[in-house]
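Here's a quick tour of one protein model, with a look at how some of its helices pack and where there is empty space. Have the structure open as you read.

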Amino acid sequence: MKKEQIWASEVAEKIVRKVRVTAQRNQGKVPYTTVDGRFDDWSDRIWWWTNGFFGGQLWLLYNAYGDELFRKSAEEIENKLDGCLMEYSAMDHDNGFKWLLTSVANYKLTGSEKSKNRALLAAGNLSGRYNPAGQFIRAWNDPGNGHNAGWAIIDCMMNLPLLYWASEQTNDPRFAQIAKLHADTAMKVFIREDGSANHIVVFDPATGENLKSLGGQGYGEGSSWTRGQAWALYGFTLSYIHTKEERYLETAKRCAKYFTSQIPESGLIPVDFRQPEECTWEDSTAAAIAACGLLELKKYVDADEQNMCHEAALKMLRALESSRCNWTTDTDNIVEKCTAAYHDKEHEFAIIYGDYYFTEAILKLCEKDIFLW
């Protein structure tokens, strides 16, 4: 076994030991962050886009270690998500984040037909957000005024696998066709020549005209929000995996080349690669997501690119493990210094998807992962 696999296996053991404690302590919770070291509970805001990630982490660990506590806790979260599934205004472009990591995971690991049905309902709703005028999947809801009916975001690339999965399950190509049409649009309007990505693109919802791009959760228009770069890198890799369309692989490689060229010597990732030099805010989630994407991408590229992907992923994961992870059981989260958006009031706190992607990446390295995307 390689040294890095030994290291990853040791880290995985630390993850599972900690999550056994936190899962027991937080049964029934649907966490987003921590408050005084303890997970909060978004069960009363079950529509929130991150509400599948703790369940996803639990399914990853259940697959790797077989602990029934993880399965039971994941199924509790999935059951709570029914409150979102049956509320039209609560459904949005992030259906993949919520149901790939809960219901699709459950179906893959247990064969639950009820879970399969939930995921197909979510896929049907996601495909219904497709706007044929601009060939994009609409982002957020704004009940009543429709002011963002023409908005699309790079994050949606990570939700497309729900549509690819639905086509595979139903033998109905329309889900995958919608996913590919959105991915093709994203290649054209989100990915810049240097491989960096816009966060938000605004279309005229009636004509499909591309009107402008917005800085969104990054520093500003034309900047380089790192989590968005990670969504692009991983998202186009996933579209290639599901379709084997070379254009998606080439796009993923461009995004990866850009991302890896921007990684600081420390391996710790800023909120925006183009934020002011005096700003030191970090986003550990961007590092963890990008590491997952790079470890998947390396399976489909030539030797030189494989080495680039592997070394960059390992650099970021080692930096996180050594200086941005809390391994005590006094706190529920593992990954620290996560940031949701550059212009938010709060920065560098715990966010549940940081733990999910860090866990996924480590399990990939020690070959104990299951592909949930």
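How are α2 and α3 oriented to each other: roughly parallel or roughly antiparallel? They turn out to be roughly antiparallel, because their axes cross at roughly 155° and angles over 145 degrees count that way. Keep in mind that this is a predicted model. Below, we go through three helix pairs, then the pockets, then a cavity.

**How to think about helix pairs**
- You describe two packed helices with two things: the angle between their axes and the distance between those axes.

**α2 with α3**
- Helix α3 covers residues 68-80, and its axis comes within 8 Å of the axis of α2.
- The crossing of this pair is left-handed.
- On the α2 side, the contact is made by F54, G55, L58, W59, L61 and Y62.
- On the α3 side, look for E68, F70, R71, S73, A74, E75 and I77.
- Sort the residues of this contact by class and you get eight nonpolar, two polar and three charged.

**α2 with α13**
- Helix α2 (residues 53-65) has a second partner to check out, α13, and the axes of α2 and α13 come within 8 Å and cross at roughly 25°.
- That angle makes α2 roughly parallel to α13, since the cut-off for that label is anything under 35 degrees.
- Here too, α2 passes α13 in a left-handed crossing.
- From α2, the residues that meet α13 are F53, F54, G56, Q57, L60, L61, A64 and Y65.
- Their partners in α13 are I352, Y353, D355, Y356, Y357, T359, E360 and L363.
- This contact divides into eleven nonpolar, three polar and two charged residues.
- Notice that F54 and L61 of α2 are in the contact with α13 and also in the contact with α3.

**α8 with α9**
- Next up are α8 (residues 174-189) and α9 (residues 226-243), whose axes come within 11 Å and cross at roughly 140°.
- These two helices are therefore oblique to each other.
- α8 passes α9 in a left-handed crossing.
- K180, A183, A186 and M187 are the α8 residues here, and they meet F236, S239 and T243 in α9.
- By class, this contact has four nonpolar, two polar and one charged residue.

**The largest pocket**
- About 400 Å³ of space lies in this pocket.
- It is lined by 20 residues, and W47, W48, W49, D94 and W140 lie nearest its centre.
- Its lining divides into ten nonpolar, four polar and six charged residues.

**The second largest pocket**
- This one has a volume of about 290 Å³.
- Its lining is made by K2, E4, Q5, L295, K298, K299, H310, K364, L365, E367 and D369.
- The elements giving two or more residues to that lining are α1 (3-25) and α13 (352-365).
- Seven of the lining residues are charged, alongside two nonpolar and two polar.

**The cavity**
- The structure holds one cavity of 30 Å³ or more, and the volume of the largest cavity is about 70 Å³.
- A total of 17 residues line the largest cavity, with A197, N198, H199, G215 and S223 the closest to its centre.
- β7 (210-214) and α9 are the elements that give two or more residues to its lining.
- The lining of the largest cavity has three nonpolar, eleven polar and three charged residues.

Methods:
Residues are numbered from 1 along each chain as its sequence is written. This is a predicted model: local features need pLDDT of at least 70, side-chain atom pairs count only at pLDDT 80 or more; totals for chains, interfaces and linings use all residues. Side-chain values use heavy atoms; hydrogens and water are left out. On a 1 Å grid over the protein atoms alone, a cavity is a set of points where a 1.4 Å probe fits but cannot get out, and a pocket is an open set with protein on both sides within 12 Å along at least five of seven lines; lining residues have an atom within 4 Å of a point. Grid points are joined across faces, edges and corners, and a volume is the space filled by probe spheres set on the points. Ala, Val, Leu, Ile, Met, Phe, Trp, Tyr, Cys and Pro count as nonpolar, Asp, Glu, Lys and Arg as charged, and the others, Gly among them, as polar. Helices (H or I, at least four residues) and strands (E, at least two) are DSSP runs, numbered from the N terminus. Axes are lines fitted to C-alpha atoms, for helices over the stretch in contact, and angles run from 0 to 180 degrees between N-to-C directions. Angles under 35 degrees count as roughly parallel, over 145 as roughly antiparallel, 65 to 115 as roughly perpendicular and the rest as oblique. A crossing is left-handed if the near helix is turned anticlockwise from the far one by less than a right angle, and right-handed if clockwise. Contact means heavy atoms within 4.5 Å.
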